[in-house]
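Hi everyone, thanks for coming. I'd like to walk you through one model today, so let me put it up on the screen.

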Amino acid sequence: MIFACSIILIVLFIIAEMFQDSVEAREVFGWKFIFSSDWDPVKEKFGALPFIFGTVVSSLLALLISLPISIGVAVFLNELVNKALRTPLSFLIEILAAIPSIIYGFWGIFVLAPFMRNTVQPLLQSTLGFLPFFKGTPYGTGLLTASIILAIMITPIITAITRDVLKAIPTAQREAAYALGATKWEAIKMALLNARSGILGASVLGLGRAIGETMAVTMVIGNRAEISASLFEPAYTMASVIANEFAEASGNLHVSSLIEVGLILFAVTFIINSFARLLIYSFTRKTEGK
Amino acid sequence: MEENKAHTSVFAKPKNLKRRKIVNSIMLSLCVVAAVISILPLFYIFFYTTKSGISSLNLDFFTQMPKPVGEAGGGMANGIVGTLILISLGSIIGIPVGILAGIYVTEYSGGIFSNLIKFVTDVLSGVPSIIIGIFAYGVIVIPMQGFSALAGGFALGILMIPTITRITEEMLKLVPQSLREASLALGVSRWKTTLQIVLRTASGGIITGILLAIARAAGETAPLLFTAFGNRFWSTDLNQPIASLPVQIFNYAISPFDDWHKQAWAGALVLISLVFIVNLIVRIVTRDKFANKV
């Protein structure tokens with residue numbers, strides 16, 4: 001069937017297209033593109049480091065916030081709750097995954113950012129202000145706010161996969177634990193330990209999603225191409241620089257640089273997603289074989 | 001060894017047991033807290049969107065054109081029509097490719113090749129939508145020398161493929177093997193069996209999958225920014241930039257005008273309702289499927 005092959009062709013075509021369109025930027029800047037932090041469309045100097053930094057930090061932070069919550073939810077839904085409550089709850093979490101990211105961003109600007117500016121950030125500053133992460137003026141928008149929005153968005157994904165992975169752990173193992181006198185939590189802990197490679201896969205997949213997320217992040221991260229230690233400062237991500245500048249890019253070099261940023265983004269998400277999928281495949285196959 | 005230790009600790013040290021019970025209840029209640037935290041933003045977003053959007057959501061919103069800054073009222077008729085056009089274009093590309101790929105993976109599976117396709121589909125579903133936008137820009141916008149509805153529809157179509165493939169695959173798996181065998185035993189050819197027996201049996205599920213993909217595509221903003229671009233005016237020309245609901249929400253949301261914010265909230269309410277209703281339908285239909293299976 002030709003159409004099935006067309007999916008593979010599309011992916012190959014995407015890679016080829018982006019590679020070809022970013023030739024100019026690669027010829028002019030070479031590897032320096034990744035390590036330079038100048039981004040100046042007027043002087044036609046382009047370096048992607050601030051964007052890479054913003055993307056990596058915001059996504060990792062989001063994962064850090066989201067992972068414990070997701071595991072908690074998965075355990076709650078799988079092990080603690082009876083069926084009558086499970087169905088509506090898992091439906092609500094699915095909806096959370098389906099809300100368009102533009103709405104998250106919109107909500108982020110008008111609800112979360114003021115809340116961060118007036119409540120959370122001053123609180124963090126007064127208690128943990130001696131750390132470099134929490135210095136600077138609390139604008140409301142910035143790395144931390146973006147990470148929280150991202151965490152909300154990736155929680156349903158990580159939860160869903162963690163639930164699948166937990167389901168794949170045989171019940172007999174849990175029963176054996178109970179028979180040895182384990183408490184409920186100890187039995188669950190054992191199941192979680194056995195599922196760790198699957199959970200790792202789930203979180204890597206969530207990370208991939210967070211890295212590629214565009215609209216919501218663009219709206220709350222502040223959009224300034226700078227690297228700073230403080231989480232309150234505005235930053236920029238790879239996806240949002242493309243969203244903001246692509247349509248109005250001046251000159252071929254600018255466009256070509258933006259496409260190269262896209263190429264880096266694509267490469268990173270591609271590697272991360274393949275890794276996650278392989279982990280999850282091998283995990284489910286292993287448990288099915290048992 | 002470890003299990004032995006655990007065993008002795010259970011019966012020999014009641015003090016330890018108390019501590020373990022406390023840890024148990026702490027951790028279990030943390031799980032409950034996590035569930036509450038994860039649901040909270042959903043209700044907050046729903047509540048806030050409804051509160052801010054309901055006042056501008058009236059007939060005008062669906063039938064009127066956007067008004068200039070400073071004038072209250074007006075609507076997003078062009079954006080709504082634009083989104084409908086973009087989705088139709090996307091469906092023309094996404095639905096056949098998605099379904100046929102799904103059929104291939106389940107009905108002709110087994111080889112390395114179908115596994116490869118499965119894997120690539122998964123990867124494609126993880127590709128950031130903005131990258132798809134760049135791709136559509138390179139393939140359609142540059143050769144056509146201008147932003148167009150066609151490019152936007154193309155981008156949405158690619159985004160729909162993985163979702164549809166995945167659901168088709170799941171639904172075809174639920175079709176009993178005996179049905180296929182019965183048809184083949186009657187001398188019906190392979191592709192006719194697939195098309196008329198298997199696909200028809202699974203059609204309900206596949207249609208819900210298509211709905212799901214459409215709901216997802218309807219809310220996509222990033223790939224449209226530099227393909228369909230957006231348009232302040234009425235346009236149904238496929239070769240021209242076209243307005244769409246999400247892009248209009250984005251532009252209004254980052255503007256400094258209160259009137260525009262209200263309009264954007266109304267648009268957001270429309271999108272959220274769409275997503276909610278579609279997911280509800282999907283949920284009900286697939287639950288019936290699973291009930292039949294068990």
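**A walk through the two chains**

Let's begin with helix 11 of chain B: eight of its nine residues are buried, so this helix is largely enclosed by the rest of the structure. For those following along on the screen, the buried ones are Leu245(B), Pro246(B), Val247(B), Gln248(B), Ile249(B), Phe250(B), Tyr252(B) and Ala253(B). Please keep in mind throughout that this is a predicted model.

Now step back along the chain, to the loop between helix 10 (203-218) and helix 11 of chain B, where you'll find Phe233(B). Is Phe233(B) buried or exposed? Phe233(B) counts as exposed, because its relative accessibility is 60% and the cut-off for exposed is over 50%. Leaving aside neighbours within four places in sequence, Phe233(B) is in contact with Met65(B) and Asn78(B). If you'd like a distance to go with that, take Ile85(B): Phe233(B) and Ile85(B) are 148 residues apart in sequence, and their C-alpha atoms are 15 Å apart in space.

Let's move on to how chain B is divided. Domain 1 of chain B covers 2-56, and domain 2 covers 60-293. Where they meet, domain 1 of chain B puts in ten residues and domain 2 of chain B puts in nine residues. Together the two domains bury about 800 Å², with 79% of that on carbon and sulfur atoms. Which three residues supply the most of the area that domain 1 of chain B buries against domain 2 of chain B? They are Phe46(B), Thr49(B) and Ser56(B), which supply 59% of that area, more than any other three residues. By class, the side of domain 1 of chain B that touches domain 2 of chain B has four nonpolar, six polar and no charged residues. Between domain 1 of chain B and domain 2 of chain B there are zero salt bridges. The polar contacts across that interface also come to zero residue pairs, counting pairs with both residues at pLDDT 80 or more.

Next, the partner chain. Chain A has 13 helices and two strands. Of its 290 residues, 55% count as buried. The C-alpha atoms of chain A fill a box of roughly 70 × 60 × 30 Å along the principal axes. Among the contacts in chain A with a separation of 6 or more, 74% are between residues 24 or more positions apart.

So how do the chains meet? The contact takes 76 residues from chain B and 71 residues from chain A. The area buried between chain B and chain A is about 6,800 Å², and carbon and sulfur atoms give 83% of it. How many salt bridges are found across the interface of chain B and chain A? There are two salt bridges. In one between these chains, Asp122(B) pairs with Arg277(A), and the closest N and O atoms are 3.8 Å apart. The interface of chain B and chain A also has four residue pairs in polar contact, with both residues at pLDDT 80 or more.

Several helices of chain B each supply at least two residues of the side that touches chain A, among them helix 1 (2-12), helix 5 (112-126) and helix 11 (245-253). Helix 2 of chain B gives the most to that side, with 19 residues. By class, the side of chain B that touches chain A has 59 nonpolar, twelve polar and five charged residues.

That's my tour, and I'm happy to turn the model around for anyone who wants another look.

How values were computed. Residues are numbered from 1 along each chain as its sequence is written. Chains are lettered from A and ligands numbered from 1 in the order in which they are written. This is a predicted model: local features need pLDDT of at least 70, side-chain atom pairs count only at pLDDT 80 or more; totals for chains, interfaces and linings use all residues. Side-chain values use heavy atoms; hydrogens and water are left out. Domain bounds come from an automatic or database domain assignment. Contact means heavy atoms within 4.5 Å. Buried area is the accessible area (1.4 Å probe) that two parts lose on being put together, summed over both. A salt bridge is a side-chain nitrogen of Lys or Arg within 4 Å of a carboxyl oxygen of Asp or Glu. A polar contact is a pair of N or O atoms within 3.5 Å; within protein, one must be able to donate a hydrogen and the other to accept it, and residues adjacent in sequence count only if both atoms are side-chain atoms. Ala, Val, Leu, Ile, Met, Phe, Trp, Tyr, Cys and Pro count as nonpolar, Asp, Glu, Lys and Arg as charged, and the others, Gly among them, as polar. Helices (H or I, at least four residues) and strands (E, at least two) are DSSP runs, numbered from the N terminus. Buried means under 20% relative accessible area, exposed over 50%, partly exposed in between (1.4 Å probe, protein chains only).
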